[in-house]
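Subject: Structure for you to look at

Dear colleague,

I am passing on the structure we spoke about, together with notes on what turned up when I went through it. Please have it open beside this message as you read.

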Amino acid sequence: MRPPIKPIPPRQSQYGIDPALVKTRVCELPGMTSVLLKELFPDLPEVIYPGEGGVAAVRKATEEALQKIDMSKIKPEHSVNILASHHGFTLLGGEPYAEMLKTIKDVIETRTGCKDIRLRAGVGLRFRETEEYIKRYGLDQYFNGKAIGVAPIDQGIPIETEIGTLYGIRKIYDADWIVHAHNSDVREVHFHRQVDRAVKPFGMSYARIETRSTYHQNLGPRAANFTARAIFDSPFVQKKFAFASFLTVAPNGIIGVDADSDLYALNDRVTQIGCLYYGKMMTLFGEIDECIAALDFPCPVVYVFSAGVIYANFAGANTDLYDLDLPLPAYTWYTEAFYGKAGRPLLADIPPVNPAIKMCVHNYAWTGYPSAFFSEHIPTVVVGQEQADLFNRDPQNLTYMKHAVVAETTEAAMEFAYKVTGTRKVIIFDGAMGGINVSEPMAELLLKKAPAVSERVENELLPKWLRQRGVDR
Amino acid sequence: MKVVNLLAAVDAEKCRGCKTCEKVCPVLAIKVENRKAVVDAERCRGCAACEQRCPDYAITMVKREQPIVVKVDVDAVDYGQIEELCRRARLNPEQIICYCTATRAEEVAAAILQGARSPEEVSFLTGARTGCKVECIQPILRLLEAAGIKPEPPKDGWQWYGRTVTVWEIPEEVKRKYATRGFYFDEDIKLLDRVVSAPVQGRREPDASSH
């Protein structure tokens with residue numbers, strides 16, 4: 001068996017514990033191994049990062065992708081806001097996304113003579129998060145002091161759309177032009193259901209609370225992402241939109257950079273990547289019959305990664321997240337909202353949280369996302385009192401520890417999990433690049449199941465998923 | 001219900017009186033007086049919006065010596081009225097509308113039926129909207145509207161701007177235009193209608209033998 005892959009290291013942040021307190025990573029424990037994603041699915045594309053060229057490969061790919069973009073409408077006296085989202089900075093350590101942002105700035109400046117180029121980086125529910133990344137990657141200096149993090153409670157601006165008034169963040173739109181800088185990582189596919197993924201930040205990272213609440217409360221699980229399309233299609237946004245530049249991502253890494261001034265054309269390409277490659281990983285995860293899930297990544301509980309898939313999607317892997325005929329996955333905020341006071345879903349046909357997850361060992365994960373639903377429904381062991389205390393101070397997680405227990409060490413937590421669950425199958429969400437860190441029995445299971453999953457996705461599921469989204473293969 | 005165990009504390013040396021904290025506080029618990037931010041400790045719900053947006057990093061969240069439990073007693077209001085208000089707002093009474101505090105529609109409805117007239121008052125009384133601060137404004141506005149209340153956003157504040165569209169209000173031509181692109185509007189209406197009309201779990205039916 002292959003040795004474990006070095007995971008993404010803990011990161012200094014106000015949303016997590018001091019990295020020095022993370023004394024053991026789960027992948028360092030006895031019995032852990034790794035599986036390369038190419039071993040599971042040989043058809044996965046070649047990646048440019050991670051690779052020998054480092055982030056220089058991302059710069060080169062960005063420059064090449066931007067060659068086809070007509071920037072003639074950007075004049076030297078104009079202002080440009082490059083719009084970023086926090087998720088890009090957690091992808092594979094964050095450097096490739098930061099490098100793409102820097103390259104976009106350099107290319108615009110060189111091609112147009114425009115000097116007033118700003119970075120506006122939106123957040124999720126951790127309002128200082130992109131401020132931390134801006135400092136970490138030197139973006140404040142690179143953008144000559146014009147790099148800021150923006151939050152959904154900042155001053156808003158009304159945007160008239162074909163479904164009525166929605167609201168954006170004023171500082172997102174305070175330039176002559178906007179450039180949408182994002183990535184094709186499917187991330188929380190349970191929310192957007194891979195519908196208009198490339199457009200989503202207009203209803204999320206660039207949007208005010210009213211719009212985000214529309215998405216999560218007013219439209220329903222399969223119509224929700226129309227809020228983003230409505231905003232993007234509005235005359236106000238269209239007159240400012242210059243182009244989009246995306247890191248294209250597969251579960252095994254960054255496969256290139258795609259840029260287009262037609263966001264919907266880019267969106268269709270992103271949909272194919274998302275459905276084909278991530279679809280295979282998620283379907284494979286749905287084949288896991290029993291396991292211990294270990295969280296060990298610098299992100300909130302829901303967003304910790306394994307093979308490009310986040311824990312929240314693993315918690316819904318018992319449902320086909322891509323099949324729009326299924327009204328609700330096992331986890332979205334809609335699903336969570338529909339559990340009544342007796343602890344049962346309000347409708348009998350709401351699927352349960354993935355029953356294959358017998359226990360969750362929370363070795364390292366951040367606050368800043370309401371996560372009590374997970375500890376309430378999945379037996380959870382948190383490593384270290386410091387993390388427990390951090391969660392008890394988080395206004396978004398005041399009841400997370402009400403449902404979880406604390407272990408002193410990683411070793412003790414895993415021993416407890418092995419004894420209680422009776423399984424030795426472990427899957428680790430630690431952001432390992434190019435592969436997945438697991439226990440040996442789990443590696444054997446994944447390698448055994450992958451070929452049939454690959455065939456099923458290509459022949460049966462993918463045509464349906466693409467047809468539902470109006471995308472031709 | 002929310003347990004409030006934190007309190008915003010201002011470092012007067014760092015505060016420059018910019019009023020950002022005042023504009024983002026969901027319960028109007030912090031105000032700039034004489035160019036310095038001042039916290040109303042009784043009113044603060046420990047959400048950290050001010051701490052997270054202060055451009056001068058002048059606010060920290062400190063642990064309260066005595067946590068406050070914020071809760072509206074649903075049993076103090078006729079449940080028939082609560083149900084009626086929730087379902088008019090197209091929400092199930094037991095539907096969670098604030099994920100951070102697990103506040104259900106019924107508690108917000110009870111707050112409104114007991115006199116809350118704005119999102120700020122609802123948040124002050126129930127704790128809803130004092131976790132992530134982001135996701136629960138719309139159902140609160142929908143419940144207020146269903147009760148015939150038209151609140152005005154706080155003057156010059158960024159607390160909220162307005163109610164937005166629901167799936168029931170999407171124009172038919174929009175549905176037709178995007179029918180092939182994966183937006184399942186009508187199917188989601190069917191799902192949400194079933195949720196709205198689902199029976200509540202937390203209340204026992206009257207015992208037939210007692211009649």
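Please keep in mind that this is a predicted model.

I begin with B:Cys136, which is found in chain B in the loop between helix H5 (119-126) and helix H6 (137-146). B:Cys136 counts as buried, because its relative accessibility is 2%, under the 20% cut-off. Leaving aside neighbours within four places in sequence, B:Cys136 is in contact with residues of chain B, among them B:Ile97, B:Cys98 and B:Ala128, and also with A:Ser213 and A:Gln217. The loop between H5 and H6 of chain B also holds B:Lys133, whose phi is positive, near 75 degrees, although the residue is not glycine. B:Lys133 likewise counts as buried, at 6% relative accessibility.

A second positive phi, near 60 degrees, is that of B:Arg90, again a residue other than glycine. B:Arg90 lies in the loop between H3 and strand S5 (96-98) of chain B, and with a relative accessible area of 39% it is partly exposed. Such values deserve a second look, because most residues other than glycine have a negative phi, and most peptide bonds are trans. On the latter point, a cis peptide bond joins A:Tyr49 and A:Pro50, with omega about 0 degrees, and A:Pro50 lies in the loop between helix H1 (37-40) and helix H2 (56-66) of chain A.

Helix H3 of chain B, residues 79-88, has B:Tyr79, B:Ile82, B:Leu85 and B:Cys86 buried. Seen down the helix axis, the buried residues of H3(B) fall within an arc of 125 degrees, so they line one face of the helix. Those buried residues pack against helix H4 (105-113) and H6 of chain B.

As for the nonpolar cores, the largest has 220 residues, and those with the most contacts inside it are A:Tyr173, A:Tyr311, A:Phe314, A:Ile427 and B:Leu143. Helix H10 of chain A (residues 263-285) gives the most to this core, with 12 residues. Apart from the largest core lies another, of 19 residues, including B:Val32, B:Ala48, B:Cys54 and B:Phe124. If you would like one residue to start from, A:Phe314 is in contact with A:Phe285, A:Ile288, A:Ile427 and A:Phe429, among others, once neighbours within four places in sequence are left aside.

Finally, the domain assignment of chain B gives domain 1 (17-67) and domain 2 (165-199), and the centres of these two domains, taken over C-alpha atoms, are separated by 39 Å.

With best wishes

Technical notes:
Residues numbered from 1 in each chain as written. Chains lettered and ligands numbered in written order. Predicted model: local features only at pLDDT ≥ 70, side-chain atom pairs only at ≥ 80, totals over all residues. Heavy atoms only, no water. Domains from an automatic or database assignment. Helix = DSSP H or I, 4+ residues; strand = E, 2+ residues; numbered from the N terminus. Buried < 20%, exposed > 50% of the residue type's maximum accessible area, 1.4 Å probe, protein only. Contact = heavy atoms within 4.5 Å. Arc of directions from axis to C-beta. Core = buried A, V, L, I, M, F, W, Y, C linked by side-chain atoms within 4.5 Å.
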